[in-house]
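Colleague: Mind if I quiz you on the wording you use for this one? I'd like to hear what stands behind each label.

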Amino acid sequence: MGDFVGSHSTRAAGAAFQEPCRCGALLDEAAPAGAEERFRGLLEAAPDAMVIVDDTGTIRLVNAQTESLFGYRREELLGHPVEILVPERFHAHHTHHRNGYANNRQVRPMGAGLELNGLRKDGTEFPVEISLSPLETTDGLLLSAAVRDVSDRKAAEERFRGLLEAAPDAMVIVDDTGTIRLVNAQTESLFGYRREELLGHPVEILVPERFHAHHTHHRNGYANNRQVRPMGAGLELNGLRKDGTEFPVEISLSPLETTDGLLLSAAVRDVSDRKAAEERFRGLLEAAPDAMVIVDDTGTIRLVNAQTESLFGYRREELLGHPVEILVPERFHAHHTHHRNGYANNRQVRPMGAGLELNGLRKDGTEFPVEISLSPLETTDGLLLSAAVRDVSDRKAAEERINELAGLVESSQDAILAKTLDGDITYWNAAAQRLYGYIPAEVMGRHVSLLAPTEHRDEIDALLERLSNGEKVEHFETLRLTRSGDLLDVDITLWPTRAADGTVVGACAIVRDISDRKRAEAELTALYEQQRHIALTLQRSLMGTPPAIPGLSTASRYRPATQGAGVGGDWFDLIPLGAGRVGVLIGDVMGRGLEAAAVMGQLRSAAHALAKTGMQPRQLMQALDTCVTDLDVPDQLVTCCYLVIASDAGEVTICSAGHLPTLVATPGDGARPLPVPVHAPLGVGGVLYQQSSVVIPPGATLVLYTDGLIETPGSDIEDQLTKLTTTLSRLFTTAPDLEAAADHVLTALLPDPESHNDDVTLLLARLPDAPLAAVTTGLPAVPESVPEGRAFLGKALTSWDCTALADDARLLLSEVLTNAVQHAQGPIRLHVCRTATDLTVEVSDHSPQLPQPRPAAEDAESGRGLILVRALADDWGVRPTDEGKTTWFTLGL
């Protein structure tokens with residue numbers, strides 16, 4: 001770099017010979033002595049070694065500096081070829097260049113662009129710089145060479161180059177025209193150019209094209225402000241690589257004053273990694289959940305994130321460059337500045353204002369409580385301070401609520417205590433002290449089993465186990481022990497306490513003394529049981545006990561409700577109607593309690609009396625509907641079902657007023673509902689009840705029940721009815737024992753006998769076997785029908801081997817037939833049947849008029865027939881029919 005950095009102008013060497021000189025006269029022996037002396041004086045005064053040679057290359061003149069520089073005496077040089085001063089390897093080139101100088105005579109440096117060396121007498125070489133000047137003399141052309149030793153300058157240049165190459169940044173040195181004069185290896189590596197591709201080219205080759213105009217303007221302006229400073233301060237600078245890619249750079253400029261003029265040194269640093277780190281830092285800053293405010297050591301805000309904008313209500317540009325006190329209530333400004341300045345002396349990550357109540361100030365002037373964490377950031381620009389600001393308004397409100405709750409807990413009238421999962425007591429409020437008699441110091445850290453009687457200590461471990469599994473235990477009633485040894489009835493509610501991660505770490509308990517309540521409950525229970533006993537006794541009395549009916553197997557179950565007084569409105573009744581007929585009645589007065597039981601009692605009595613008249617089911621139901629209406633009980637509804645079983649015909653006549661379906665279970669054929677219509681319940685009014693007749697095989701079982709059996713809490717009544725039908729079908733694969741079957745049904749439908757809240761009635765009635773024999777005939781309503789009927793009866797009795805009853809039977813039939821012929825309408829139907837124990841004779845006619853027994857006058861010819869029937873028959877009666885009536889009597893075999 002000797003051609004521009006730290007060099008001296010070649011014009012200094014041989015300054016006296018810069019123009020072609022016609023001084024042959026000065027050197028000629030004939031010349032005046034004064035002129036020669038002046039020339040020699042100038043030669044000796046030259047600062048450089050001066051060597052003058054002729055056109056043959058012979059040394060003609062030297063000065064003292066030449067002797068000093070090359071180590072020769074003057075006489076050892078004069079007359080010798082100039083190559084004596086040139087290293088031998090350059091002799092051929094030197095002679096060629098010297099000869100060529102004659103064709104281009106001008107003042108110029110010798111070997112421009114080459115490394116020139118001189119050769120001393122002792123054989124050592126040294127770098128030189130040579131300036132050539134032609135001298136025109138009378139003897140011909142002479143050549144003046146000013147030779148300067150540049151060893152020191154070359155050493156300085158080498159040191160400069162070494163420093164340049166050792167620089168960690170890319171170094172680019174340009175002249176005042178913007179031409180690159182020097183680069184280092186880092187420049188090649190950074191920009192991707194070889195050195196020779198840069199030297200001599202404008203520096204804009206390294207600048208993106210869009211910045212060329214501005215770059216030239218800023219470079220020219222630098223001459224007016226020559227100082228070491230960063231280039232483009234505050235701007236985003238980019239370099240351009242040979243491959244066309246751009247990258248962010250940071251440039252520091254330094255002026256270099258040289259003899260060749262101003263040079264500019266630019267240290268270029270690739271800041272891609274730093275920019276990426278800054279982007280990551282900004283990303284982390286934006287991702288922070290808290291408001292982040294970064295200030296410099298003067299308290300000026302340098303950086304904020306989006307959370308800061310949201311929290312304080314400012315836009316980012318309204319904060320950057322402003323003092324941080326803009327975010328602090330004015331009354332704290334002085335203290336805040338003092339604390340901020342003091343932070344520089346204690347740089348550590350810590351909360352700000354520990355123990356103080358800190359507040360932030362929003363743009364709208366509102367204040368809010370904050371929590372601030374401070375962190376120092378050491379940067380190349382100096383100390384920065386990062387403040388993470390969190391709005392703790394919600395937490396403060398929560399703390400206030402916690403304090404309120406703590407006050408409530410301490411003032412609670414219930415004992416409240418906390419414990420670990422090991423059972424060690426950790427909290428004990430004032431009410432616990434009053435309840436148990438222990439002061440906190442006596443129980444804190446002790447096991448909670450201290451409070452349990454010996455026989456209840458096992459339950460402590462069981463409760464702790466449940467709590468450790470996260471289970472809450474509510475209203476656990478047990479006994480606890482006081483400090484004085486008294487036993488307390490207590491109600492305990494326990495719940496697990498959890499750590500922040502949800503792990504159960506302990507438990508809290510609320511304990512309430514229920515001793516007074518327990519005593520009151522015991523008294524109420526005794527009173528309730530007494531009242532329940534009275535009520536049940538009353539209900540059983542109202543229900544009565546159905547009689548045993550020969551030939552009809554039955555099993556019944558009644559379960560009072562397990563809630564309330566237990567009494568309800570369920571009832572059933574079995575009514576012997578004579579002539580092998582049985583009435584079956586079941587009903588349910590809606591509601592519970594004594595009022596329902598009272599209604600039930602009245603209806604049962606009325607229904608029983610009506611059924612004994614032989615009234616048909618539809619007529620009985622119509623009459624009961626009137627009874628319910630006449631009771632004048634508001635909103636009272638009653639469901640009821642009445643069946644009449646005619647065993648000799650294998651027929652059941654049924655009428656239902658809103659009652660649940662009657663089921664029939666046949667051995668080997670399962671269970672099914674009877675296909676009969678269901679009318680509105682009793683008490684609705686305005687309903688015309690109808691009856692249906694269904695043929696049922698002997699041995700089949702009728703199943704009647706109330707809604708308490710299938711209408712249970714949490715279940716669907718249709719599902720329960722299906723379950724009942726399925727249970728019966730399984731039971732009646734054969735003919736089961738009815739008592740066992742009734743128990744099985746209750747167990748299946750009501751597995752918990754204490755859980756039903758309505759009374760339950762279940763009745764199983766198995767139809768009797770068909771009569772051993774039966775015959776029927778029709779007769780006209782004429783007197784001749786009486787003897788004809790007697791003959792028919794006698795023939796039947798003879799065929800059945802029942803002649804012992806023939807006389808009484810014929811006598812009674814004569815009386816009944818005579819009444820029918822005289823007082824009724826024909827035709828007349830005579831039906832005779834026999835069972836193993838009875839003979840039954842029925843006479844049906846078409847007259848609705850029922851015969852009434854009456855005393856006969858002594859001289860009357862009539863009125864004695866029914867009195868005779870009553871006297872001789874084991875049983876007798878009259879029942880209405882759709883066609884008229886049927887009069888019947890039975891005789892025991």
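Modeller: Go ahead. Keep in mind that this is a predicted model, where local features need pLDDT of at least 70, side-chain atom pairs count only at pLDDT 80 or more, and totals for chains, interfaces and linings use all residues. Residues are numbered from 1 along each chain as its sequence is written, and side-chain values use heavy atoms, with hydrogens and water left out.

Colleague: Why is Thr706 called buried?

Modeller: Buried means under 20% relative accessible area, exposed over 50%, partly exposed in between (1.4 Å probe, protein chains only). Thr706 has 0% relative accessibility, so it counts as buried.

Colleague: What makes the link between the side chains of Thr706 and Asp570 a polar contact?

Modeller: The cut-off is a pair of N or O atoms within 3.5 Å; within protein, one must be able to donate a hydrogen and the other to accept it, and residues adjacent in sequence count only if both atoms are side-chain atoms. Those two side chains make theirs at 2.6 Å.

Colleague: What makes E2 and E7 a pair?

Modeller: Strands (E, at least two residues) are DSSP runs, numbered from the N terminus, and two of them pair if DSSP finds at least two bridges between them. E2 and E7 (residues 140-149) have 5, in the antiparallel sense; one of the partnerships puts Ile52 with Ser144. E3 (residues 59-62) also runs antiparallel to E2, with 3 bridges.

Colleague: And why is E2 said to be largely enclosed?

Modeller: Because 5 of the 5 residues of E2 (residues 49-53) are buried. Ala49, Val51 and Val53 point one way, Met50 and Ile52 the other.

Terms used
Helix = DSSP H or I, 4+ residues; strand = E, 2+ residues; numbered from the N terminus.
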